[in-house]
Amino acid sequence: MAEGRRRGQQHAAGWFVVDAVQDEWRYCRADVDRERRSVRYGSQEHHDYGRDWECRHVASFTNATAQKFTAIAYDQNGQAISGAKLTWSSDDATVASVSQDGTVTPTGNGNTTITVKSADGKVSASFAVAVSGVTVVTSIAIAGYADGDAISLEKGKTLTLSAIVKPDGNSVTGASGSSSVSLSATTGTNVTVTANSVTTSPVTITAKETQTGKTSTVTVNVTARQYLTLYFQAQNNWPANNVKVHYRIANSSEWADINMTQMDGSCSSYAYVDIPLTGSTAIDASSQFGFKYINGDDKAWYGASGSSDSVPKDGNNFKFTNSGTLPEVVVISAGPSYSTTAPSGCEVTSTAAYRSRYATARNGEHRTAAAVLRTQGSVLNAADENAGTKADEDTAAGKFKVPDLADGTYHLQEKTAPNGYEVSRTVYTITIADGTVTWNPSITDAKIANTRKTGAVTWTKVSSDPNKTEPLPGSEWILKRTKIFSWANGVASYAAVTPAITLGTVTDCVNGENNVSDCSAQTGSYVDLDGTAGKFKIGGLAWGEYELVETVAPDGYNLDTTAHKFTIGPKDSTVVLEAQLGNIKNQPGVVLPGTGGDGNMKTLATGLLVAMASVATAGLALKVRRRRQ
């Protein structure tokens, strides 16, 4: 390039070199004031009336090959600022996406605009991108489920489904085949499924990607609520480790017993039990109950005597409710008093198998079994009040066989779930008659499904300066899923996703700021649930491998471009449900100068230099050429 041209590379505050086209420079201006500025280069004069200037050059892509752009900030003296914090964005990621290192990747045919901004957003530059000749490959799947998989969901419960969609920027819509199962508004690639009413046939949920209309489906069976959780607080001569509930069965004069389980740790003063709402020993809103000893005086009775009028009761017996609708929880505590809210910090997250029997036997017509689903490698035990103890005879992990069960009615309920899975609260009534086995609710291919627990990740943003120990507020992150989990012949498998799936942007939530009173109560997807500035927690993560990349650094610090990887799910013979990334450090850096005030404050102008990846320097001059494909 001629020396005269090279002199044109000297930059006043706020000027951008955007591209080099046929060895000619094109300039754009981002002012920090509203004055009209202009510059003449050759026969062309460019004007700017505001802070942002959209450069006229169009970067053309004729295939899917990515190109990298570089942004450099200049101060008011035309000197490059090292370590300036910049952010990149695309107006339409379905045409071209841009990473935070300036790499532009074509994703579909069309036109969009790429913009780079200073950290405070006051200074920016942008350029147009035209894409053609790209073959768009689309796909969609529902994370954790194969196409057409069936899901059981209890009435009133919710479930979040996540769609895995390609390419990046492709959007998703969701639809339900019945009002029995409703969908919330889709947030990114996530949708919340709500079970509104019991179904007699499966309801199809369809996820559809919008670029080419491909779909993925699951079916949802909504089941009736299976249990009521009853808590009893130990008092006087009624310890939590020796109490059972004695209750009247719905539409019957007969009563049943269920031993209660003492809770652990700080909740050890409570015992709890799940009482069935379906089956031959179910309760209804008219059922009465009280408490007896498991071992001891079988005539002793703890009932409603002495309780206030607000306690549901019938004489000396408690009732589960005074209305026609059973609550999910009943708590009987000292007084005695009554509540429908679980004791704070003692909500049941797993349930013991129960052993029930009729207080009045029906000539051996009914036998009950307390059976549990095992974790892999454990043994299933079934207690039959007449036949003694029975064991699982199937040695394969996760499979069960209990032989020699006489005709009658049995109840099966999970006690301990496989590691990483939610305990199933469903109580299965198994009826055996003339060698024929009937399940209620019914199951397919003798399979009982468990729901995977979702995971969480935590981290803290800190300074690399050991003298600064407080967490650093204000950073932002991109969360991506890099691998999808599945079981392959009983072995955990993680399959790579290329390119990684962008799940969303995570911003630092602080309690009481930005109209959020309690960050932990947020219900959105991929939101920060830790209300302390500089500390992060993301929940609701499906099993898989992920990475976090910082996109906006705390003020006064350089951007950390490291991809911080973590796993949710089986890993090294355990199941990781909370990944802890610890302290993530940033190096102190510089911030783009902004507008000054009065007095001795100087007014500073800032600018950005945006150029293609082929950038070379010679002395104080900067030479930019577009790399020809």
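I began with E328, which in this predicted model is partly exposed, with a relative accessible area of 44%. Its partner in a salt bridge is K157, and I read 3.7 Å between the closest N and O atoms of the two. I then looked up where both residues sit: K157 is in the loop between β14 (149-154) and β15 (158-166), E328 is in the loop between β28 (317-319) and β29 (329-333), and so the pair ties together parts that are 171 residues apart in sequence. K157 has 29% relative accessibility and therefore counts as partly exposed as well, since that class runs between 20% and 50%.

Next I searched the whole structure for salt bridges, and the search gave six. One of them joins the side chains of E545 and K483, again at 3.7 Å from N to O. Here both partners are in strands, E545 in β42 (residues 544-552) and K483 in β39 (residues 476-488), so that the contact ties together parts 62 residues apart in sequence. For K483 I noted a relative accessible area of 28%, which means that this lysine is partly exposed.

Strand β42 came up again with E547, which forms a salt bridge with K565, the closest N and O atoms being 2.9 Å apart. I placed K565 in strand β43 (residues 564-571) and E547 in strand β42, with their positions 18 residues apart in the chain. The two ends of this bridge contrast in accessibility: K565 is exposed, at a relative accessible area of 58%, whereas E547, at 12%, counts as buried because the cut-off for that class is under 20%.

I turned to the cysteines and found two disulfides in the structure. In the pair C267 and C346 the sulfur atoms are 2.0 Å apart. This link is left-handed, with -90° about the S-S bond. It connects distant parts of the chain, as C267 is in the loop between β24 (261-262) and β25 (270-276), C346 is in the loop between β30 (337-339) and β31 (356-358), and the two are 79 residues apart. Both C267 and C346 are buried.

The disulfide between C509 and C519 has an S to S distance of 2.1 Å. Its torsion about the S-S bond is about -85°, so I entered this link as left-handed. Both cysteines lie in the loop between β40 (491-507) and β41 (535-541), and the pair therefore ties together parts that are ten residues apart in sequence. C509 is buried at 10% relative accessibility, and C519 is buried with a relative accessible area of 0%.

The loop between β40 and β41 also holds N514, so I checked its backbone while I was there and found phi near 55°, a positive value in a residue other than glycine. N514 is exposed, with a relative accessible area of 70%. N251 likewise has a positive phi of about 55° without being a glycine. I located N251 in the loop between β22 (243-248) and β23 (255-259), and at 78% relative accessibility this asparagine counts as exposed.

I noted these phi values, and the peptide bonds below, because most residues other than glycine have a negative phi and most peptide bonds are trans. The bond from G335 to P336 is cis, with omega near -5°, and P336 is found in the loop between β29 and β30. From N440 to P441 the peptide bond is cis too, its omega near -5°, and P441 is in the loop between β37 (436-440) and β38 (455-463).

Note on methods: Residues numbered from 1 in each chain as written. Predicted model: local features only at pLDDT ≥ 70, side-chain atom pairs only at ≥ 80, totals over all residues. Heavy atoms only, no water. Disulfide = S-S within 2.5 Å. Helix = DSSP H or I, 4+ residues; strand = E, 2+ residues; numbered from the N terminus. Buried < 20%, exposed > 50% of the residue type's maximum accessible area, 1.4 Å probe, protein only. Salt bridge = Lys/Arg side-chain N within 4 Å of Asp/Glu carboxyl O.
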